[in-house]
Amino acid sequence: MENNRIAVIGIIIEDTNAAAKVNEILHSYSDFVIGRMGIPYREENINIISIVLNAPIDKINSLTGKLGMLENVSAKALYAGKK
């Protein structure tokens, strides 16, 4: 069994049309999500989302990669120290 890691993924959506696809991807990883916070920054017309996960590294990397491949979406992961 693979060891899980705690991670935060920061997501910036620069085109609100991409939000539906981001949510669809996040839903497919919902078993690993501990929490989620979304901030619509209307003055700049962007959305900022942070996701906290407890998941195997390959799942975290896969989620981050899928999000980062979307046009007008940036995603980066930050990992907590090893358990």
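Helices, taken as H or I runs of at least four residues, and strands, taken as E runs of at least two, are DSSP runs numbered from the N terminus. With that naming in hand, asparagine 72 can be placed in the loop between H2 and E4. The model is a predicted one, and the account below moves from its strands to helix H1, then to the nonpolar core, and closes with two loop residues.

Strand pairing makes a convenient starting point. Strand E1 covers residues 4-13, and ten bridges join E1 to strand E3, residues 46-56, with the two running antiparallel. Strand E3 also pairs with strand E2, residues 33-41, again in an antiparallel arrangement, here through eight bridges. Two residue pairs help to fix the register: arginine 5 stands opposite alanine 55 in E3, and proline 40 stands opposite asparagine 47 in E3. In general, the side chains of a regular strand alternate between the two faces of the sheet.

Arginine 5, in strand E1, deserves a closer look. Is arginine 5 buried or exposed? Its relative accessible area is 16%, and because the limit for a buried residue is under 20%, arginine 5 counts as buried. The side chain of arginine 5 reaches the backbone oxygen of alanine 80 at 2.6 Å. Beyond four places in sequence, arginine 5 touches Leu53, Asn54, Ala55, Ile57, Ile60, Tyr79, Ala80, Gly81 and Lys82. Alanine 55 and alanine 80 thus return in this contact list, the former as the residue opposite arginine 5 in E3 and the latter as the partner of its side chain through a backbone oxygen.

A second arginine, arginine 36, lies in strand E2. Arginine 36 has a relative accessibility of 47% and counts as partly exposed. Its side chain makes a polar contact with the side chain of asparagine 23 at 2.6 Å. Setting aside residues up to four places away in sequence, arginine 36 touches Asn23, Leu26, Ile49, Ser50 and Ile51. The C-alpha atoms of arginine 36 and valine 52 are 6.3 Å apart, although 16 residues separate the two along the chain.

Helix H1 spans residues 19-28 and includes lysine 21. Which residue shares a salt bridge with the side chain of lysine 21? The partner is glutamate 24, with an N to O distance of 3.2 Å, and the count of salt bridges in the model comes to one. Lysine 21 and glutamate 24 are three residues apart in helix H1, so about one helical turn separates them. As a general point, side chains of opposite charge can pair when their charged atoms come close. Lysine 21 itself is partly exposed, at 39% relative accessibility. Its C-alpha atom lies 8.2 Å from that of leucine 70, a residue 49 places away along the chain.

The buried residues of H1 are Val22, Ile25 and Leu26. Viewed down the axis of H1, these buried residues fall within an arc of 100°, so they line one face of the helix. The face turned away from the buried side carries the exposed residues Ala20, His27 and Ser28. The cover over the buried residues of H1 includes E1, E2, E3, H2 and E4.

The largest nonpolar core has 19 residues, and those with the most contacts inside it are Ile9, Ile11, Val22, Leu63 and Leu67. Two or more residues come from each of E1, H1, E3, helix H2 (57-68) and strand E4 (73-79). Valine 22 shows how H1 joins other parts of the chain: leaving out neighbours within four places in sequence, valine 22 is in contact with Ile13, Ile49, Leu67, Leu70 and Val73. In soluble globular proteins, nonpolar side chains tend to be buried together.

Finally, two asparagines stand out for their backbone angles. Most residues other than glycine have a negative phi. Asparagine 45, although not a glycine, has a positive phi of about 55°. Asparagine 45 lies in the loop between E2 and E3, a hairpin with four residues between the strands, and is partly exposed at 48% relative accessibility. Asparagine 72, the loop residue placed at the outset between H2 and E4, likewise takes a positive phi, near 70°. Asparagine 72 is also partly exposed, with a relative accessible area of 36%.

Terms used
Residues numbered from 1 in each chain as written. Predicted model: local features only at pLDDT ≥ 70, side-chain atom pairs only at ≥ 80, totals over all residues. Heavy atoms only, no water. Buried < 20%, exposed > 50% of the residue type's maximum accessible area, 1.4 Å probe, protein only. Polar contact = N/O pair within 3.5 Å; in protein donor to acceptor, adjacent residues only side chain to side chain. Contact = heavy atoms within 4.5 Å. Pairing = 2+ DSSP bridges. Salt bridge = Lys/Arg side-chain N within 4 Å of Asp/Glu carboxyl O. Core = buried A, V, L, I, M, F, W, Y, C linked by side-chain atoms within 4.5 Å. Arc of directions from axis to C-beta.
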